[in-house]
Structures are given as structure tokens and as C-alpha cells.
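Let's take a walk through this structure together, one element at a time. Have the sequence open beside the 3D view as you read.

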Amino acid sequence: MLEELAEDYSKYCDVNIEQKLNPISKSVDDMLARLEEFQTMLTFIKQDEKDSSDILNSIPNYKNDFDAMCNTIDRLENLMTHIKINLDKLDDDLERAETELGYNEPKKKVTNLFTPLFFYNYTYYFQC
């Protein structure tokens with residue numbers, strides 16, 4: 001009976017350490033993988049921070065170029081406004097001229113103004 005009791009108690013001491021440590025080992029490995037990913041991410045962030053800091057520090061060096069580009073854009077906008085005004089005026093003058101000449105129909109617009117010129121050239125060639 002004493003031997004049976006000792007045998008029963010010995011079963012409590014039989015512990016499969018490998019089986020018990022496998023989940024802990026897996027958790028530790030997963031945590032190490034996450035820490036390595038985090039370290040890699042921090043390395044990228046530090047590099048990006050350095051790059052952005054370099055960019056921010058270099059911005060004042062380009063102020064004159066930026067001002068020149070803004071002035072060029074302003075001049076181009078003024079030129080575009082001037083061209084638009086001239087084209088609007090030309091369009092109004094053209095419509096007025098078409099009205100005065102009686103070319104109000106779509107078929108008789110400006111293209112028909114040149115028809116006599118083309119006709120003259122063709123008749124000239126046919127006469128020769």
C-alpha cells in the first residue's frame with residue numbers, strides 16, 4: 001500500500017516540461033518577432049525624421065527661387081488675363097462685322113468670307 005501511495009504521488013511529480021514550456025516559448029518567439037518589427041519600424045521613422053528635418057532646414061535656401069517662381073506665375077496670370085480680354089474683344093468685333101456683312105447664318109460665317117479668294121484662284125488656274 002505504501003508503494004502504491006508513493007507511486008500515486010510520483011505521478012504528480014512527473015511533469016512534461018517540454019509540453020508545458022511550448023506555449024511560453026511560442027509566446028516569447030512571437031514577442032521577439034514583434035519587437036524586431038518594431039525596431040525596424042523605428043529605424044525607418046528615424047530616417048524619415050532625419051530626411052524631413054533636412055528638407056525643412058533647406059526650405060529657407062530656396063526662398064528666392066520660390067519668390068521668382070511666384071512672380072513668374074503672377075506674370076503669366078496677367079498675360080492670360082490680357083489675352084482673354086483681347087480674344088473677347090476680337091470675338092465681339094468679329095460678331096459685329098459678321099452682323100454688318102449679313103453673315104448671321106451658321107453656314108455663312110467667317111469661312112465664307114474666304115470663298116471668293118479660293119474661287120478666284122481656281123478660276124485663275126482654269127483660265128491658264
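A good place to start is Glu-37, which counts as partly exposed at 47% relative accessibility. Please keep in mind that this is a predicted model. The side chain of Glu-37 meets that of Arg-34 in a salt bridge, with 3.7 Å from N to O. Why can these two side chains be partners? Glu-37 and Arg-34 sit three residues apart in helix α2, so about one helical turn separates them.

Further along this helix you will find another pair. Asp-54 forms a salt bridge with Lys-50, and their closest N and O atoms are 3.3 Å apart. Both residues belong to helix α2 and are four residues apart, about one turn of the helix. Asp-54 has a relative accessible area of 42%, and because buried means under 20% and exposed over 50%, this residue is classed as partly exposed. Lys-50 is likewise partly exposed, with a relative accessible area of 46%.

Now step back and look at helix α2 as a whole. It runs over residues 17-58, and its 42 residues should span 62 Å at 1.5 Å a residue; the end C-alpha atoms are 61 Å apart, which agrees. There is a bend on the way, though: α2 turns by about 30° at Pro-23.

The surface around the start of this helix deserves a look too. Val-15, Ile-17, Leu-21, Ile-24, Val-28, Met-31, Leu-32 and Leu-35 form a nonpolar patch there, with about 770 Å² of accessible area together. One of these residues, Val-15, is found in the loop between α1 (2-13) and α2. Val-15 has a relative accessible area of 46%, so it is partly exposed.

On the other side of that loop is α1. This helix has 12 residues and reaches 17 Å from its first C-alpha to its last, close to the 16 Å expected at 1.5 Å a residue. How many of its 12 residues are buried? The number is zero, so α1 lies largely in the open.

Next comes helix α3, covering residues 63-101. At 1.5 Å a residue its 39 residues should span 57 Å, and the end C-alpha atoms are 56 Å apart, which agrees. Here, too, a salt bridge can be found: the side chains of Lys-63 and Asp-67 meet with 2.7 Å from N to O. Both lie in α3, four residues apart, about one turn of the helix. Asp-67 counts as partly exposed at 31% relative accessibility. After the helix comes Gly-102, whose phi is positive, near 85°.

A database record adds something about this stretch. In an unreviewed UniProt entry, residues 73-100 carry the annotation "coiled-coil region". In the model, that span is 100% helix and 0% strand, and its end C-alpha atoms lie 40 Å apart.

Finally, let's put the pieces together. The secondary structure of the protein comes to four helices and zero strands, and along the sequence the pattern reads α-α-α-α. The three salt-bridge pairs we visited, Glu-37 with Arg-34, Asp-54 with Lys-50 and Lys-63 with Asp-67, can be set beside the search of the whole structure, which finds five salt bridges. What share of the 128 residues is buried? Buried residues make up 1% of them. The protein exposes about 12500 Å², and carbon and sulfur atoms supply 61% of that area.

Conventions
Residues numbered from 1 in each chain as written. Predicted model: local features only at pLDDT ≥ 70, side-chain atom pairs only at ≥ 80, totals over all residues. Heavy atoms only, no water. Helix = DSSP H or I, 4+ residues; strand = E, 2+ residues; numbered from the N terminus. Expected span 1.5 Å × (residues − 1). UniProt positions renumbered as here; feature names shortened; annotations may be inferred. Buried < 20%, exposed > 50% of the residue type's maximum accessible area, 1.4 Å probe, protein only. Areas by Shrake-Rupley, 256 points an atom, 1.4 Å probe, with all protein chains shown as cover. Bend = angle between axes of the 7 residues up to and from the residue. Patch = residues over 30% accessible without salt bridge, like charges linked within 9 Å, V, L, I, M, F, W, Y side chains within 5 Å. Salt bridge = Lys/Arg side-chain N within 4 Å of Asp/Glu carboxyl O.
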